[in-house]
Amino acid sequence: MRTALLAVACLALTAQPCAAEWFADIYAGASLTDKHNVKVVDQMSGHATYHGIEFDTGLAYGGRFGRYFGPQTVRVDGCVPSGGCGTNKIGFGSYDLGSQAVSLDLFLRLPLMRSEDAPGGRIQPYILGGAPVFITTLTPRTTRLFRNADGDTDITWGYKGGAGLAVYVYKNLMVFGEYRYTHTEPEFRIRDSAAARATFKTELDSHTGLVGLGARW
């Protein structure tokens, strides 16, 4: 699940400012995260890179987001906990990866079909950008590489960009659709299967589609 709690600065593309118009949105959708490598530095076995880790599709809603690693076999370069060194195929296991984000976003909208009842436009294409703070938790679930159910939480900065379209449907209510891209690079300190400390690092590049209902006043 991926999403942000918004504190909003709002700009219009026309002469009329929109700073006086507040909005509140609820939304839900799906989030896809690109495949990426995971880098592990183990206190006992040393460095290893697990290639092409896949992330399951996550549910995006409200102000929270989450991701799941699925069970898979990947190529690893380096030294594996409780194993040898070199390039091997290995079962990576499955993990829970959940994240929350808080962001100050800048919105830029184009008010179309403006009227006295809808000075901001009945149709509003918009773009947005922000620098979220991500609170991400990793928990190994079924893996022989790390201690299961023994995870860590990391706080990192990231960045976000997106675009959407909002349309009035009734008085001050709008429906909208939105695409959002987010990036962050969490790093976790967990224990391997032999209880030695290990640093687990990856990048999360996520593409999220949302639909929602909003109020304007």
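A nonpolar core is a set of buried Ala, Val, Leu, Ile, Met, Phe, Trp, Tyr and Cys residues joined through side-chain atoms within 4.5 Å. Buried means under 20% relative accessible area, exposed means over 50%, and partly exposed lies in between (1.4 Å probe, protein chains only).

The model is predicted: local features need pLDDT of at least 70, side-chain atom pairs count only at pLDDT 80 or more, and totals for chains, interfaces and linings use all residues. Residues are numbered from 1 along each chain as its sequence is written, and side-chain values use heavy atoms, with hydrogens and water left out.

**Exercise 1. Describe the chain as a whole: its secondary structure, burial and contacts.**

Step 1. Helices (H or I, at least four residues) and strands (E, at least two) are DSSP runs, numbered from the N terminus. The chain has zero helices and 16 strands.

Step 2. Of its 217 residues, 43% count as buried. The accessible surface (Shrake-Rupley method, 1.4 Å probe; for residues, only the protein chains shown count as cover) comes to about 10600 Å², and 60% of this belongs to carbon and sulfur atoms.

Step 3. A contact means heavy atoms within 4.5 Å. Among contacts with a separation of 6 or more, 68% are between residues 24 or more positions apart.

**Exercise 2. Which residues of the largest nonpolar core touch the most other members, and which strands supply this core?**

Step 1. The largest nonpolar core has 21 residues, of which Tyr50, Phe92, Leu145, Phe146 and Phe200 touch the most other members.

Step 2. At least two residues of this core come from each of E3 (36–42), E4 (46–53), E7 (73–79), E9, E14 (187–191) and E15 (197–201). Strand E4 gives the largest share, three residues.

Step 3. A second, separate core of eleven residues includes Ala118, Leu128, Ala166 and Tyr168.

Step 4. Take Phe146 as a case from the largest core. Leaving aside residues up to four places away in sequence, Phe146 touches Val40, Tyr95, Pro140, Ile190, Arg191, Asp192, Ser193, Ala198 and Phe200.

Step 5. As background, nonpolar side chains in soluble globular proteins tend to be buried together.

**Exercise 3. How many salt bridges does the whole structure hold, and which parts does the Arg141–Asp96 pair tie together?**

Step 1. A salt bridge is a side-chain nitrogen of Lys or Arg within 4 Å of a carboxyl oxygen of Asp or Glu. The search of the whole structure finds five.

Step 2. In one of them, the side chains of Arg141 and Asp96 meet at 2.7 Å, N to O. Arg141 lies in strand E11 (residues 133–142) and Asp96 in strand E9 (residues 94–109), so this pair ties together parts that are 45 residues apart in sequence. Arg141 is partly exposed at 40% relative accessible area, and Asp96 is partly exposed at 23%.

Step 3. Lys160 and Asp105 form another salt bridge, at 2.9 Å, N to O. Here Lys160 in strand E12 (residues 152–170) is linked to Asp105 in strand E9, 55 residues apart. Both Lys160 and Asp105 are buried.

Step 4. Glu187 and Arg189 also form a salt bridge, with their closest N and O atoms 3.5 Å apart. Glu187 is partly exposed at 24% relative accessibility, whereas Arg189 is exposed at 54%.

**Exercise 4. Place Lys201 relative to Glu187.**

Step 1. Lys201 is in strand E15 and is partly exposed, at 34% relative accessibility.

Step 2. Lys201 and Glu187 are 14 residues apart in sequence, with their C-alpha atoms 4.3 Å apart.

Step 3. Beyond residues up to four places away in sequence, Lys201 touches Asn37, Val38, Lys39, Glu185, Pro186 and Glu187.

**Exercise 5. Trace the surroundings of Ala30 and Thr208.**

Step 1. Ala30 is found in strand E2 (residues 23–33) and is partly exposed, with a relative accessible area of 37%.

Step 2. The C-alpha atoms of Ala30 and Val211 are 9.5 Å apart, although 181 residues separate the two in sequence.

Step 3. Not counting residues up to four places away in sequence, Ala30 touches Thr57, Gly58, Ala60, His207, Thr208 and Gly209.

Step 4. Thr208 lies in strand E16 (residues 204–216) and is buried, with a relative accessible area of 1%.
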